[in-house]
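Me: Got a minute to go through a model with me? I'd like to talk about its pockets and a couple of residues.
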Amino acid sequence: MKHVLFICEGNVCRSPSAEAYFNYRIAQEGLKDSYFATSKGLIFSTMGQDIHHSMAEMLDRDGIPHPKHSAKMATRQDIAESDYVLVMVADQKVQLKRNLYLSDMSKVARLGDYLSPEQDIEDPYFTGRWEYSYSLIKQAVDAFIEYLKNN
């Protein structure tokens with residue numbers, strides 16, 4: 001089984017939403033025995049927090065299950081145990097490499113690289129654009145799943 005790890009800043013908005021949506025869509029595609037996703041963050045100040053209520057409400061509205069969440073920080077072991085690592089903004093690749101002393105970045109990509117045009121998925125916690133970020137996450141995850149199915 002292949003493991004997909006979604007990473008964002010605090011693991012309370014984008015990455016847990018991407019995790020929930022990915023696992024939901026993978027089940028719909030009949031691939032839940034082939035892939036699963038988890039999520040982590042890059043900062044410790046949000047550790048233990050649940051998914052932000054705004055993201056949870058959008059997932060609920062769309063009928064996407066999301067179990068109780070507890071924000072966690074990404075570790076070197078998380079990266080090593082993952083087949084795909086998808087960050088939300090380009091700078092997070094640099095942060096991962098520097099903070100976790102990663103020499104091999106071959107499995108790390110930006111989720112927004114699967115969008116057309118390629119783009120960062122901004123943090124709605126700071127922008128307040130919850131629907132916009134959520135929409136990009138869904139589009140990018142759907143495109144990533146198509147990539148997995150075709151490769």
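Reply: Sure, here is a quick run through the pockets and then two residues.
Reply: This is a predicted model, so to read it: local features need pLDDT of at least 70, side-chain atom pairs count only at pLDDT 80 or more, and totals for chains, interfaces and linings use all residues. Residues are numbered from 1 along each chain as its sequence is written, and side-chain values use heavy atoms, with hydrogens and water left out.

Me: What volume does the largest pocket have?
Reply: About 260 Å³. A pocket here is an open set of points on a 1 Å grid over the protein atoms alone, where a 1.4 Å probe fits, with protein on both sides within 12 Å along at least five of seven lines. The volume is the space filled by probe spheres set on the points, which are joined across faces, edges and corners.

Me: Which residues are closest to its centre?
Reply: Glu19, Ser39, Pro67, Lys68 and His69, out of 17 lining residues; lining means having an atom within 4 Å of a point. Helix H1 (14-28) and strand E2 (35-41) each give two or more residues to that lining, and H1 has the largest share, with five. Helices (H or I, at least four residues) and strands (E, at least two) are DSSP runs, numbered from the N terminus.

Me: And the second largest pocket, what lines that one?
Reply: 13 residues, with Gly10, Val12, Ile43, Thr46 and Tyr125 nearest the centre. The space in that pocket is about 160 Å³.

Me: Switching topic: is His52 buried or exposed?
Reply: His52 counts as buried because its relative accessibility is 18%, and the cut-off is under 20% relative accessible area (exposed is over 50%, partly exposed in between, 1.4 Å probe, protein chains only). His52 sits in the loop between E2 and helix H2 (53-61).

Me: What does His52 touch?
Reply: Leaving out residues up to four places away in sequence, Val12, Cys13, Tyr125 and Trp130. Contact means heavy atoms within 4.5 Å.

Me: Where does Gln119 lie?
Reply: In the loop between strand E4 (108-110) and helix H5 (124-127). Gln119 is partly exposed, at 23% relative accessible area.

Me: Which side chain does the Gln119 side chain make a polar contact with?
Reply: That of Tyr132, at 3.3 Å. A polar contact is a pair of N or O atoms within 3.5 Å; within protein, one must be able to donate a hydrogen and the other to accept it, and residues adjacent in sequence count only if both atoms are side-chain atoms. The Gln119 side chain also reaches the backbone oxygen of Pro117 at 3.3 Å.
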